[in-house]
Amino acid sequence: MVDDDPDILEALSEILEAEGFEIRRARNGEEALDRLEPDPPQLILLDLMMPVMDGWEFAQRMRKRPPAISSIPLIVLSADRNVGSKAVDIGAVGHLAKPFELNDLLDMVRHALEPASKAIASNLPRA
């Protein structure tokens, strides 16, 4: 999760952790880029408007990395009025305008992670 607002970062992290997700936090795009390796996340929740490095620049730099990094799905969470078009521009799999409903976020996260969980399950030995 990448967001410069410490209250949002903490609150959403706690909610997602309570739902069983492992969360890593970053306060800007530069910090997030530094944390992509050696263990890439399965999904990135990304704010667009941040100091140091905004979400747009983060996404552009992330997409230039090797496939294990560049293919990580993004969900944009932003107060930007044009969040939908900006999310499409950076290749996000989804977006929510702040403020948003928590159930909408949880549904979007689960949906975005669904292909990864199916791929893991298909590689498990059958009984």
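**Notebook: Ser78, Asp47, Asp3 and the largest pocket**

Entry 1. I started at Ser78 and listed its contacts beyond four places in sequence: Asp47, Leu48, Met49, Val83, Leu96, Ala97 and Lys98. The model is a predicted one, and I read every value below with that in mind.

Entry 2. I looked up where Ser78 sits. The residue belongs to strand 2, which covers residues 74-78. Is Ser78 buried or exposed? Its relative accessible area is 0%, and the cut-off for buried is under 20%, so I noted Ser78 as buried.

Entry 3. I then took the side chain of Ser78. One of its polar atoms lies 3.0 Å from the backbone nitrogen of Asp80. I also checked a pair from the contact list, Ser78 and Leu96. Their C-alpha atoms are 6.7 Å apart, with the two positions 18 residues apart along the chain.

Entry 4. From Ser78 I moved to Asp47, one of the residues it touches. Asp47 lies in the loop that runs between strand 1 and helix 3 (55-62). The UniProt record, an unreviewed entry, puts the feature "modified residue: 4-aspartylphosphate" at Asp47. I took that label from the record and did not look for the modification in the model.

Entry 5. I checked the accessibility of Asp47. The relative value is 4%, so Asp47 counts as buried. Which residues does Asp47 contact, once neighbours within four places in sequence are left aside? I found Val2, Asp3, Asp4, Gly55, Leu77, Ser78 and Lys98. Lys98 is on the list for Asp47 and also on the list for Ser78.

Entry 6. Asp3 came next, as one of the contacts of Asp47. Asp3 is placed in the segment ahead of helix 1 (6-18). The relative accessible area of Asp3 is 4%, so I entered this residue as buried too. The Asp3 side chain comes to 2.8 Å from the backbone nitrogen of Asp5.

Entry 7. I wrote out the contacts of Asp3, again without residues up to four places away: Ile8, Leu9, Ala26, Arg27, Asp47, Met50 and Lys98. Lys98 therefore appears here, as it did for Asp47 and Ser78.

Entry 8. I looked at Ser13, which is in helix 1. Relative accessibility is 0% for Ser13, so it is buried. Beyond four places in sequence, Ser13 makes contact with Met1, Ile8, Ile23 and Arg25. Ile8 is in the list for Ser13 and in the list for Asp3.

Entry 9. I turned to the open space. How much space lies in the largest pocket? I noted about 500 Å³. Its lining has 23 residues, and those nearest the centre are Glu22, Arg24, Pro41, Gln42 and Leu43. Strand 1 (44-46) and helix 6 (102-122) are the elements that supply two or more lining residues. By class, I entered 16 nonpolar, two polar and five charged residues for the lining.

Entry 10. Last, I recorded the chain as a whole. It holds six helices and three strands, in the order α-α-β-α-α-β-α-β-α along the sequence. Of its 127 residues, 40% are buried. Among contacts with a separation of 6 or more, 53% join residues 24 or more positions apart.

Technical notes: Residues are numbered from 1 along each chain as its sequence is written. This is a predicted model: local features need pLDDT of at least 70, side-chain atom pairs count only at pLDDT 80 or more; totals for chains, interfaces and linings use all residues. Side-chain values use heavy atoms; hydrogens and water are left out. On a 1 Å grid over the protein atoms alone, a cavity is a set of points where a 1.4 Å probe fits but cannot get out, and a pocket is an open set with protein on both sides within 12 Å along at least five of seven lines; lining residues have an atom within 4 Å of a point. Grid points are joined across faces, edges and corners, and a volume is the space filled by probe spheres set on the points. Helices (H or I, at least four residues) and strands (E, at least two) are DSSP runs, numbered from the N terminus. Ala, Val, Leu, Ile, Met, Phe, Trp, Tyr, Cys and Pro count as nonpolar, Asp, Glu, Lys and Arg as charged, and the others, Gly among them, as polar. Buried means under 20% relative accessible area, exposed over 50%, partly exposed in between (1.4 Å probe, protein chains only). Contact means heavy atoms within 4.5 Å. A polar contact is a pair of N or O atoms within 3.5 Å; within protein, one must be able to donate a hydrogen and the other to accept it, and residues adjacent in sequence count only if both atoms are side-chain atoms. UniProt positions are given in the numbering used here, feature names are shortened, and annotations may be inferred rather than shown by experiment.
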